[in-house]
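Dear colleague,

Please find below the structure that I am handing over to you. A description of what was found in it follows directly after.

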Amino acid sequence: MRNASVWQQVLGITRVVIEAIWFDEDADAVVVSVRPRKGAGRRCGRCGRRASWYDRGEGRRRWRALDLGTVRVRLEADAPRVNCPTHGPTVVQVPWARHGAGHTRAFDDTVAWLAVHCSKTAVGELMRVAWRTVGSIVTRVLADIDATVDRFDGLARIGIDEISYKRGHRYLTVVVDHDRRRLVWAAPGRDAATLGGFFDRLGPERCALITQVSADGAEWIARAVQAHCPQAVLCADPFHVVAWATDAMDQVRRQAHNDARGAIVVRSTASSGPRSARPPRAYPLKRVRYALWKNPENLTDHQHAKLDWVAKTHPGVWRAYLLKEGLRTVFVLKGDAGKEALDRWIAWARRSRLPAFVDLQRRVVKYRAQIEAALDSGLSNALIESTNTKIRLLTRVAFGFTNTDALIALAMLTLGGHPPVLPGR
Ligand SMILES: [Zn+2]
């Protein structure tokens with residue numbers, strides 16, 4: 001082949017001999033026949049160690065390569081097996097593709113990069129691959145990156161969280177590095193044994209270097225942390241504590257909504273008047289939800305007006321709102337000022353005559369030591385919140401995978417601090 005070196009450049013493959021190139025009508029693709037250079041030596045596809053010839057394997061194989069413009073390209077080569085001392089008969093290592101892959105390395109890397117940066121539909125249509133295939137590819141690319149980086153190096157302040165998916169039927173336990181704002185580990189399940197898997201991989205020496213662990217107050221997390229990192233300070237994750245208060249406020253709002261609606265129904269039955277005579281007063285409570293959930297600094301003028309309306313018409317809901325905001329302020333203040341505010345908040349919630357907040361106040365008292373540790377820790381709430389939010393956003397895309405390994409791989413590639421790199425960059 002006279003233009004072999006040009007073709008090598010175009011295809012982005014090195015260390016190979018191009019034997020022939022033709023257009024295969026049936027496959028609707030340019031097929032490039034290749035073989036490793038003479039004297040390249042045979043290596044095990046799994047571990048890369050030199051190994052002796054075993055047999056021809058399944059003969060010729062094809063790998064999908066990056067398209068050339070609008071034309072599809074496939075590499076074709078022999079795929080003999082070697083006899084690896086560790087892995088036994090294994091398909092030989094090839095320079096252009098990862099072991100067990102039906103796509104070239106450059107194709108894999110491009111798909112992984114796109115999966116991190118684009119929508120599911122964009123990746124699938126541009127690369128003409130099924131989402132399931134994207135799943136296998138991101139898993140392979142992550143394995144390659146993980147072989148070269150140590151995510152656990154220098155871990156000191158970590159956060160542990162559980163994330164539900166499949167409409168709350170399945171869970172992932174995730175660990176984030178607060179100092180580097182990265183996801184460092186994720187595994188299916190939510191119990192002490194699952195989390196134990198993380199600490200086992202971290203090893204006792206590095207467990208001893210963990211100084212702070214933020215978590216949502218789950219018993220099993222506390223147990224696992226106590227067992228593996230007894231020196232670490234367990235902090236309540238402000239993000240979750242505020243979420244407890246938001247839930248309590250929602251209970252109060254729903255109750256008020258139902259009470260008001262019940263009152264209307266009773267009144268309208270009693271008067272047996274026409275339906276249109278119903279006072280519409282109760283229904284707006286549903287429409288103020290977003291205004292109540294949002295942080296006040298992000299409210300629009302219209303939402304401010306809605307809150308004013310709540311304050312004037314539903315004193316119970318308004319009190320619940322102020323209590324929620326009060327607990328959020330505790331974490332904004334931090335340190336001793338935060339602790340003082342927490343004392344006042346507990347007393348206030350206890351006397352609030354709102355059962356949801358009286359209960360919440362008990363829970364807060366129960367986790368007081370962890371909440372105070374969070375106020376002392378200097379861990380920024382914004383940091384914890386942004387990591388949590390990012391993971392939740394990502395899960396909407398990644399959870400399209402039915403395969404958990406693929407889901408975790410995409411999460412790690414996106415949030416793990418070592419993103420996939422486009423070929424040739
Ligand atoms: Zn091997």
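In the protein chain of this predicted model, 58% of the contacts with a separation of 6 or more are between residues 24 or more positions apart. One pair that is distant in sequence is His257 and Leu285: 28 residues separate them along the chain, while their C-alpha atoms are 6.1 Å apart in space. His257 belongs to helix α7, which covers residues 238–271. With 19 C-beta neighbours inside 10 Å, His257 counts as partly exposed, because a residue is buried only if 20 or more other C-beta atoms lie within that distance.

The protein chain contains 16 helices and twelve strands. Of its 425 residues, 34% are buried.

The five-stranded sheet

One open sheet has five strands in the order β10-β9-β8-β11-β12, and its pairing is mixed. Strands β10 (182–188) and β12 (233–236) stand at the edges with a single partner strand each, so one side of each has no neighbour in the sheet. From one strand to the next, the twist averages 25 degrees.

Strand β8 (residues 157–165) takes part in both kinds of pairing. With strand β11 (residues 212–215), β8 pairs in the parallel sense over three bridges; here Arg157 has Gln212 of β11 as its bridge partner. With strand β9 (residues 170–177), β8 runs antiparallel, and eight bridges join the two. Two pairs may serve as landmarks along β8 and β9: Ile158 stands opposite Asp177 in β9, and Ser164 has Tyr171 in β9 as its bridge partner. The hairpin of β8 and β9 has four residues between the strands, and in this hairpin Lys166 takes a positive phi near 50 degrees.

The three-stranded sheet

A further open sheet consists of three strands in the order β3-β6-β7, with antiparallel pairing. Its edge strands are β3 (52–55) and β7 (88–91), each of which pairs on one side only. Neighbouring strands of this sheet are turned by 45 degrees against each other on average, direction ignored. Three bridges hold the antiparallel pairing of β3 with strand β6 (residues 81–84), and within this pairing Trp53 stands opposite Val82 in β6.

Residues with a positive phi

Most residues other than glycine have a negative phi. Besides the hairpin residue described above, two further residues may be noted in this respect. Where do they lie, and are they buried or exposed?

Asp28 has a phi near 55 degrees, a positive value in a residue other than glycine. Asp28 is found in the loop between β1 (16–24) and β2 (29–36). With 9 other C-beta atoms within 10 Å, Asp28 is exposed, because 12 or fewer such atoms define that class.

Lys334, also a residue other than glycine, has a positive phi near 60 degrees. Lys334 lies in the loop between α11 (315–333) and α12 (335–350). Its 19 C-beta neighbours inside 10 Å make Lys334 partly exposed.

A pair of packed helices

Two packed helices are described by the angle between their axes and the distance between the axes. Helix α5 (residues 192–207) and helix α6 (residues 219–228) pack at an angle of about 25 degrees, and their axes are 10 Å apart. The two helices are therefore roughly parallel to each other, because angles under 35 degrees count as such. Their crossing is right-handed. On the side of α5, Ala192, Leu195, Gly196, Phe199 and Cys207 take part in the contact; on the side of α6, they meet Trp220, Ile221, Arg223, Ala224 and His228.

The nonpolar core

The largest nonpolar core has 98 residues, of which Val111, Val138, Leu183, Ala248, Ala320 and Met412 touch the most other members. Helix α16 (residues 404–415) gives the most to this core, with nine residues. What is Ala320 in contact with, leaving aside its neighbours within four places in sequence? The contacts of Ala320 are Ala248, Met249, Val252, Arg253, Leu354 and Phe357. Ala248 appears in this list and is also among the core residues that touch the most other members.

With kind regards

Note on methods:
Residues are numbered from 1 along each chain as its sequence is written. This is a predicted model: local features need pLDDT of at least 70, side-chain atom pairs count only at pLDDT 80 or more; totals for chains, interfaces and linings use all residues. Two strands pair if DSSP finds at least two bridges between them. Axes are lines fitted to C-alpha atoms, for helices over the stretch in contact, and angles run from 0 to 180 degrees between N-to-C directions. A nonpolar core is a set of buried Ala, Val, Leu, Ile, Met, Phe, Trp, Tyr and Cys residues joined through C-beta atoms within 7 Å. Two residues are in contact if their C-beta atoms, placed from the backbone, lie within 7 Å. Angles under 35 degrees count as roughly parallel, over 145 as roughly antiparallel, 65 to 115 as roughly perpendicular and the rest as oblique. A crossing is left-handed if the near helix is turned anticlockwise from the far one by less than a right angle, and right-handed if clockwise.
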